[in-house]
Amino acid sequence: MPASLFPSIMRTLIPLIAGWLLSLAVQAGVEIDSEKVTSAVTIAIVLAYYLAFRLLEFLGTKLRGTALQKAAGFLLGWARPPAYPDTGGALPPVTAYTSGPRAQ
């Protein structure tokens, strides 16, 4: 699994878990009106769309299916999958420190 696939899946999974926790809150007695429900359903549909096309894009990469990868990427808004720099788990060094609106 490439390093860029795991973060994208986590960015999809965590909001879904948050939605599940919200549903538990509703069962516990927190009131949510129909406008909030509509927003939640919209978000769930968007997340499902993203996950489906991100997985198709990944599959296209693995199968050397350039057309599938490009089509899925296009439907996500960018023809190429994201590429995150491999830092080996370390954060990049801090090169400058600013205090306030301009550097000291």
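**Reading a predicted three-helix chain**

Modeller: In this predicted model, the structure holds one aromatic pair. Tyr-49 and Phe-53 form that pair, with 4.7 Å from centre to centre and 55° between the planes, and the arrangement is tilted.

Colleague: Where do Tyr-49 and Phe-53 sit with respect to each other along the helix?

Modeller: The general idea comes first: an α-helix has 3.6 residues a turn, so residues three or four places apart point the same way. In this case Tyr-49 and Phe-53 are four residues apart in helix α2, and therefore about one helical turn separates them.

Colleague: Is Tyr-49 buried, partly exposed or exposed?

Modeller: A residue is called buried under 20% relative accessible area and exposed over 50%, with partly exposed in between. Tyr-49 counts as partly exposed because its relative accessibility is 38%. Leu-16, which lies in helix α1, is likewise partly exposed, at 41% relative accessibility.

Colleague: How many helices and strands does the chain have, and what share of its residues counts as buried?

Modeller: The secondary structure comes to three helices and zero strands, so that reading from the N terminus gives the order α-α-α. The chain has 104 residues, and 12% of them count as buried.

Colleague: Which residues of α3 are buried, and how are they arranged around its axis?

Modeller: The buried residues in α3 are Gln-69, Ala-72 and Gly-73. Looking down the axis of α3, one finds its buried residues within an arc of 100°, so they line one face of the helix. The face turned away from that buried side carries the exposed residues Ala-67 and Phe-74.

Colleague: Why does Gln-69 count as buried, and which side chain does Gln-69 meet in a polar contact?

Modeller: Gln-69, found in helix α3, which spans residues 66-76, is buried because its relative accessible area is 17%, a value to be set against the cut-off of under 20%. The side chain of Gln-69 is joined to that of Thr-61 by a polar contact of 3.5 Å.

Colleague: Where along the chain is Ser-4 placed, and how far are the C-alpha atoms of Ser-4 and Tyr-84 from each other?

Modeller: When reading such a pair, look at the separation along the chain as well as the distance in space. Ser-4 has its place in the segment before α1, and with a relative accessible area of 12% this residue is buried. Although Ser-4 and Tyr-84 are 80 residues apart along the chain, their C-alpha atoms are separated by 5.9 Å. A second pair can be read in the same manner: Leu-16 and Ala-48 are 32 residues apart along the chain, while 9.6 Å separates their C-alpha atoms.

Colleague: How much space lies in the largest pocket, and which residues are nearest its centre?

Modeller: The largest pocket holds about 310 Å³ of space. Its lining is made by 14 residues, and those nearest the centre are Gly-19, Leu-22, Lys-36, Ser-39 and Ala-40.

Colleague: Which helices supply the lining of the largest pocket with at least two residues each, and what classes of residue are found there?

Modeller: At least two residues of the lining come from each of α1 (5-27) and α2 (34-62), and α2 gives the most, with seven residues. Sorted by class, the lining of the largest pocket has 10 nonpolar residues, three polar ones and one charged one.

Methods: Residues numbered from 1 in each chain as written. Predicted model: local features only at pLDDT ≥ 70, side-chain atom pairs only at ≥ 80, totals over all residues. Heavy atoms only, no water. Buried < 20%, exposed > 50% of the residue type's maximum accessible area, 1.4 Å probe, protein only. Polar contact = N/O pair within 3.5 Å; in protein donor to acceptor, adjacent residues only side chain to side chain. 1 Å grid on protein atoms, 1.4 Å probe; cavity = no way out; pocket = protein on both sides within 12 Å on 5 of 7 lines; lining within 4 Å. Points joined across faces, edges and corners; volume = space filled by probe spheres on them. Nonpolar A, V, L, I, M, F, W, Y, C, P; charged D, E, K, R; others polar. Phe/Tyr/Trp six-rings, centres within 6.5 Å; stacked < 30°, edge-to-face > 60°. Arc of directions from axis to C-beta.
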